[in-house]
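I opened this notebook to work through one chain from its overall build down to single residues. My entries follow the order in which I looked things up.

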Amino acid sequence: MSEKPATIKEIASILNISVSTVSRALHNHPSIGLATRLKVNNLARELNYEPNQTAILFQKGKTQTIGVILPELSEAFFSMAVSAIEDTAYRKNYTVLLAQSHDNEQTEKQLVEKMKNHRVDGLLVSVSKNTSTFEHFSALKKYNIPVVFFDRVPAIPNIHYVGCNMETGTIEAVSYLLKKGHRAIGMINGPNTLVASGERREGYIKAMIRNRLKFDPSLVVKCDLTEESTNAALDELLSGKRKPTAIVTFNDYVALFAIKHARKLNIAINTELEFVSYANLPLINYMDYIPVASVEQFPYLQGQKATDILLDLLNQKSEELQGPPAYYRITIESQLVENKKRTE
């Protein structure tokens, strides 16, 4: 018995029949007699023949593979989303091909090209914080490769996406701090290239207006989500005319950086300065000084719904695609989660 799997050509040569006859026999085609089918299948088992799934799928115009491009897999938010993507895709017999842009626009464009060349059936994307143009995604339409965006969704028309409502989450976060008695509330926001940054700012402004307070633009600063930029943003807030007693940060990582820097400045966390963040990631449980609350963005649910949409698009029949395209647009409501843990 051969250890190396045989090929159809080898089976055909041994039995002195054509390759097409072997192929039909292996697929139990009715045009092949029972005796021939038995001989072919028995020899195939003896020689450890295994069908070439790649070739079969290629003939069908599918690879049963979906690509995923995200900023950083090391971030708990995206790793949780990937878990959902893999769980959902594997149940439908799809393989997941992962890639990281590392928040670099050029890398993202190169990855899109590589995904296309690997013949992925579809693509799930959370865009880089630095991406300013999106033609590399729209170009996939001519190759019939659907794209579904999640979490970091670009501000462009006619796309499929799953996102979280950051505006309502911010209103809830700021209102929570106002109820605690804070009036000078700062915000360390993300880069302007991210739609979510604009949603956070709008939510902040609306929360102030609803509580009959004047919006002070000097209390809203931005960072590029790095520790160095976060530290500079915190310094800017603390050196302003109105020194904040509470700060809303773009995410839990920015909160971690800001709290660490505030402690170096001998500021008493949760006494002199309180923080509210976004994402509600597990890392909060390992921080000595934690945000008093965090806005849950449901990464697993976002990944699951985005994958469901992509698989639905891939399984649509050609007749269903006639007429004007319908776009999936799902917005998940965020939820403020109060953290009970305190470190004195």
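**Entry 1, charges.** Before looking at charge I noted the counting rule, under which Lys and Arg are positive and Asp and Glu are negative, while His and the chain ends are left out. I also kept in mind that this is a predicted model. On that count the chain carries 40 positive and 37 negative charges, and I found the mean positions of the two sets to be 4 Å apart.

**Entry 2, overall build.** I next looked up the secondary structure and found 12 helices and 12 strands in the chain. For the dimensions, I read that the C-alpha atoms fill a box of roughly 90 × 45 × 30 Å along the principal axes. The radius of gyration is 27 Å, whereas a compact globule of 344 residues would have one near 20 Å.

**Entry 3, inside and outside.** I then asked what share of the 344 residues is buried. The value I found is 49%. The exposed area of the chain comes to about 17,900 Å², of which carbon and sulfur atoms supply 50%. Turning to contacts with a separation of 6 or more, I noted that 73% of them join residues 24 or more positions apart.

**Entry 4, helix 12.** I followed helix 12 along residues 299–315 and found that its 17 residues reach 24 Å from the first C-alpha to the last, close to the 24 Å expected at 1.5 Å a residue. The buried residues in helix 12 include Gln302, Ala306, Ile309, Leu310 and Leu313, and Gly303, Thr307, Leu311 and Leu314 are also among them. I set beside this the general point that an α-helix has 3.6 residues a turn, so residues three or four places apart point the same way.

**Entry 5, Thr88.** Which residues does Thr88 touch, not counting those up to four places away in sequence? I found Gln304, Thr307, Asp308 and Leu311, and these positions fall within the range of helix 12, residues 299–315. Thr88 itself lies in helix 5, residues 76–91, and it counts as buried because its relative accessibility is 4%, where the cut-off for buried is under 20%.

**Entry 6, positive phi.** Lastly I looked for backbone angles of note, and I recorded that Asp151, although not a glycine, has a positive phi of about 60°. Asp151 sits in the loop between strand 4 (147–150) and strand 5 (160–165). Asn270 also has a positive phi without being a glycine, with a value near 70°, and its place is the loop between helix 11 (252–264) and strand 9 (274–279). At 19% relative accessibility, Asn270 counts as buried, since the cut-off is under 20%.

Definitions and conventions. Residues numbered from 1 in each chain as written. Predicted model: local features only at pLDDT ≥ 70, side-chain atom pairs only at ≥ 80, totals over all residues. Heavy atoms only, no water. Helix = DSSP H or I, 4+ residues; strand = E, 2+ residues; numbered from the N terminus. Rg over C-alpha atoms; globule rule 2.2 N^0.38 Å. Buried < 20%, exposed > 50% of the residue type's maximum accessible area, 1.4 Å probe, protein only. Contact = heavy atoms within 4.5 Å. Areas by Shrake-Rupley, 256 points an atom, 1.4 Å probe, with all protein chains shown as cover. Charge placed at Lys NZ, Arg CZ, Asp CG, Glu CD. Expected span 1.5 Å × (residues − 1).
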